[in-house]
Protein chains: 2
Amino acid sequence: MKPKLSALGEFGLIRRFSPAFMKNLPPDIIGIGDDAAVLPWKKDACLLVTTDMLVENVHFLRTEIGPRDLGAKALTVNLSDIAAMGGSPRSAFLSLGIPGKLGIEWLDAFFRGMAELAEASGVHLLGGDTTRSPGPIVINIVVLGQVRRTRLKLRSGARPGDLIVVTGFLGDSGAGLRVLLEDLPRERDEARLVRRHHRPRAHLAEGAWLAARDGVTAMMDVSDGIDSDLRRIMERSHCGAAVNLDDLPLSGPLRRAGKKYGWGVRGLAASGGEDYCLLATIRPDRYERITAGFEKTFGRPLSRIGTIEGKKERLRYRTAGKTVELKPRGFDHFR
Amino acid sequence: MKPKLSALGEFGLIRRFSPAFMKNLPPDIIGIGDDAAVLPWKKDACLLVTTDMLVENVHFLRTEIGPRDLGAKALTVNLSDIAAMGGSPRSAFLSLGIPGKLGIEWLDAFFRGMAELAEASGVHLLGGDTTRSPGPIVINIVVLGQVRRTRLKLRSGARPGDLIVVTGFLGDSGAGLRVLLEDLPRERDEARLVRRHHRPRAHLAEGAWLAARDGVTAMMDVSDGIDSDLRRIMERSHCGAAVNLDDLPLSGPLRRAGKKYGWGVRGLAASGGEDYCLLATIRPDRYERITAGFEKTFGRPLSRIGTIEGKKERLRYRTAGKTVELKPRGFDHFR
C-alpha cells in the first residue's frame with residue numbers, strides 16, 4: 001500500500017524528512033524546529049532566516065481578501081517569525097507564481113500593500129522570482145533578520161514552573177475566518193474580526209522587548225493556535241503544560257460575536273490560529289517585574305494563560321477548576 | 001481596458017515593480033538586477049541570497065522528470081545563481097506546496113535527490129515550509145552563499161572590447177526538452193540530451209575560479225539562453241554585443257541529433273535555455289592568460305562566442321561573416 005501525504009499530516013511530513021535536513025549540522029546553526037533558522041553572523045549577532053508559502057484556496061480566497069491586505073499579510077506572517085526569535089527583520093525576497101489572466105491592478109495593489117508594510121518595518125524588498133502559475137496564485141516570502149546572540153529566544157528553553165503568557169488577544173483571526181466562511185452579516189464586530197484575519201500585525205516591538213528580558217525562557221509566534229503551537233514548545237523543551245481556558249484573553253468583538261452566534265469562543269481562542277501575537281514562557285521569580293514592565297511599555301497587559309509542567313509532554317486544559325478536553329485541534333494543512 | 005500580466009511579460013513585470021523594491025536601498029546592498037542579491041556580511045565578505053520558484057506544468061512535467069532528478073535540479077538552478085556571483089553556497093531553505101494525493105515515495109525520492117546534491121555541494125538544508133497545494137506541485141528554494149568582497153562579479157562590469165565566453169556547451173538542455181515534447185525515440189544521443197535537461201550541473205568551481213581573475217569583468221548564468229541572458233548584461237553594463245553563431249560550443253549529441261532531425265542547432269544553442277553554464281566577459285589583454293589557465297584547471301576550453309560593443313544596447317548575430325536575425329527569442333514565462 002502506498003502511503004499518501006494526507007495520511008502522514010504536516011508534522012508527520014516534517015518528522016519524516018527533517019533528518020536529511022539536520023545532517024552534519026555545525027553546532028552554531030539551528031535548522032528546523034524553531035520559528036526561524038539561526039546562522040552565525042557577526043561576533044555578537046546571529047542571522048535569522050524564515051520562509052512561508054501561501055497558496056490560493058488553501059491560505060486565502062481571492063474573492064475575500066483584497067490584494068493590498070494580502071501583500072501585507074504575506075509579509076506579516078514572516079515578520080512574525082522574526083519577532084518570535086526576538087529579532088529585527090532586515091530584508092525580504094518574494095517569489096510569486098501568478099496566473100497569466102491576473103489583472104495588473106491586482107498586482108499593483110498587492111505590491112503596494114507589501115511595500116508599505118516593508119517600509120514601516122524597516123525591511124528592504126530585495127527581489128525574488130516571478131513565474132506563471134497554471135492554477136493558484138502562489139506567494140513565497142523569505143525574510144532575513146538579525147538578533148543579538150545573547151537575546152535569542154528559542155522554543156527549547158521552557159522549564160517546569162514557568163508561566164505561559166501571550167502578547168495579544170486570541171481567537172479574533174479564527175473568528176474572522178468563520179465570519180467569512182459562514183458569510184455572516186458584516187456588522188461592526190464582525191467587520192473588526194475579519195479585519196484582524198486579513199490584517200494581522202507582527203508583534204516585533206513586543207518580541208524585541210521580551211527578548212531583552214533574562215527571565216523569558218522560550219518564545220514563538222501564535223500561527224496555528226496555542227493548542228498546536230504550545231505543543232511545539234513542549235516538544236522542544238521536553239515538558240508538559242496546563243492552560244486555564246478562562247484566562248485566554250478575548251477581545252470585545254469576539255466576546256460579543258461569540259454570544260450572538262453561540263460560538264465556543266474559548267475553543268476558537270485556543271485553536272483558531274493566525275493570531276500572530278507571541279507566546280512566551282517566563283521564570284516565575286521574574287514574572288511580576290516583566291509583566292509590569294510590559295504593561296508600562298505597551299499600555300496593555302501580558303496575559304498569563306497557564307503554567308509549564310513536569311516532564312510528560314501532555315497539554316491539560318482547565319476551566320472553572322476542572323480538567324476538560326479541547327476539540328478540534330489546530331489547523332493541519334494535510335488533514 | 002485592464003492590462004493583463006500576459007501583455008506585460010516577465011521582464012515588463014520586473015521593470016514595473018522593481019522601483020518599489022529598490023526604494024531607499026543603502027549603497028552596500030544590491031537588490032534586483034543580478035543573479036543574486038548582495039548584502040553586507042563580514043568585513044571582507046558579502047552574503048548572497050537567491051530564490052527560484054518552480055511550478056509543475058510550467059517548469060517541469062511530473063510525467064517526464066523523476067522526483068530524484070527534480071529535487072536535484074530545483075537546488076541546481078539556485079546554486080547556479082551563486083556560481084554566477086563567484087560565490088560558495090552555504091545553506092538552502094525549501095518551501096514545498098504539494099497535492100494531498102501525492103505518494104510518499106515520490107517525496108522520499110525528491111528529498112533524496114536534493115539532499116545528495118546539497119551534501120556534495122557543502123550546502124546545509126536548514127528547513128522551510130510545507131503546505132498543501134490544490135493543484136500543481138510548487139517548489140521554492142532559497143540559497144544563501146558567500147563571496148569575498150573583492151571577488152564579486154556583477155552583470156554591470158562589461159566594457160566595449162571585452163570578449164564574451166561561456167564555460168560549457170549550449171543548447172543541450174533545450175534540445176533535451178525538444179526530445180521530450182516531441183516524444184522522439186530515446187537513442188543514445190537523445191537520452192544524453194534529456195539527461196542534460198533533467199540533471200544540469202551548476203558551474204560552482206568554474207564560477208569561483210573566474211571570480212578570482214581580475215580580468216573577468218561581468219558574469220551571470222545561462223538560464224534563459226544567451227540571447228536573453230546576454231541582453232541582461234547589456235542592460236546593466238550599457239553596452240551592445242556581437243555574437244558569432246559559428247562559435248557557439250555544441251556537444252556531439254546535439255550536433256548529431258540536430259543533423260538527424262534537421263534542427264536549427266545554433267538557434268537552440270542561443271535561445272534554448274537551462275544550460276546553467278556561465279556567461280562571462282573578459283578584458284582582451286587578460287584573455288589569453290585566463291583561457292589558458294581555465295583549460296589547465298578544468299581540462300576543457302573556455303569558449304569565446306563574441307565581443308562586447310559600444311554604447312548602443314544592440315545584440316548582433318553573425319554567421320559565415322554575415323549579420324543575421326535570430327528567432328525566436330529566449331523563454332518568457334508569461335508569453
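**Reading a predicted model: from one residue to two domains**

Leu254(B) lies in helix H8 (residues 252-261) of chain B, in a model that is predicted.

Me: Is Leu254(B) buried or exposed?

Reply: The general idea is to count the C-beta atoms around the residue, with 20 or more others within 10 Å as the cut-off for a buried one. Leu254(B) has 27 other C-beta atoms within 10 Å, and is therefore buried.

Me: Which residues is Leu254(B) in contact with, leaving aside its neighbours within four places in sequence?

Reply: Such contacts are with Gly171(B), Asp172(B), Ala175(B), Leu193(B) and Val265(B). As for Gly122(B), 132 residues away along the chain, its C-alpha atom is separated from that of Leu254(B) by 32 Å.

Me: Where in chain A is confidence lowest, and where is it highest?

Reply: An average is read together with its local extremes. Chain A has a mean pLDDT of 90, and 90% of its residues score at least 70. Confidence is lowest in helix H1 (residues 5-22) of chain A, with a mean of 62, and highest in strand E6 (residues 163-166) of chain A, with 98. Over residues 329-335 of chain A, pLDDT stays under 50; the model has 26 contacts for this stretch beyond four places in sequence. For the model, ipTM is 0.87 and pTM is 0.90.

Me: What is the order of the strands in the open sheet of chain A?

Reply: A sheet is read from one edge to the other. The 5 strands of this open sheet follow the order E1-E2-E5-E3-E4 (chain A), and their pairing is mixed. Strand E1 (37-42) and strand E4 (124-132) of chain A each have a single partner strand, so one side of each is left without a neighbour in the sheet. On average, and with direction ignored, neighbouring strands are turned by 20° against each other.

Me: How many bridges join strand E3 to strand E5 of chain A?

Reply: There are 9 bridges between E3 (residues 88-98) and E5 (residues 138-148) of chain A, and the two strands run antiparallel. In one pair, Ala92(A) has Val143(A) of E5(A) as its bridge partner. Helix H2 (residues 67-84) of chain A packs on the sheet, where it touches strands E2 (45-55), E3 and E5 of chain A, and its direction makes about 30° with that of E5(A).

Me: How is chain A divided into domains?

Reply: Domain 1 covers 5-151 and domain 2 covers 155-324. Their centres, taken over C-alpha atoms, are separated by 22 Å. Domain 1 of chain A gives 20 residues to the contact and domain 2 of chain A gives 21. On the domain 1 side, H2(A) supplies the largest share, 10 residues. That side divides into 7 nonpolar, 6 polar and 7 charged residues.

Note on methods
Residues are numbered from 1 along each chain as its sequence is written. Chains are lettered from A and ligands numbered from 1 in the order in which they are written. This is a predicted model: local features need pLDDT of at least 70, side-chain atom pairs count only at pLDDT 80 or more; totals for chains, interfaces and linings use all residues. pLDDT is the predictor's confidence in each residue, from 0 to 100. Helices (H or I, at least four residues) and strands (E, at least two) are DSSP runs, numbered from the N terminus. Two residues are in contact if their C-beta atoms, placed from the backbone, lie within 7 Å. Two strands pair if DSSP finds at least two bridges between them. Axes are lines fitted to C-alpha atoms, for helices over the stretch in contact, and angles run from 0 to 180 degrees between N-to-C directions. Domain bounds come from an automatic or database domain assignment. Ala, Val, Leu, Ile, Met, Phe, Trp, Tyr, Cys and Pro count as nonpolar, Asp, Glu, Lys and Arg as charged, and the others, Gly among them, as polar. A residue is buried if 20 or more other C-beta atoms lie within 10 Å of its own, exposed if 12 or fewer, and partly exposed in between; C-beta atoms are placed from the backbone.
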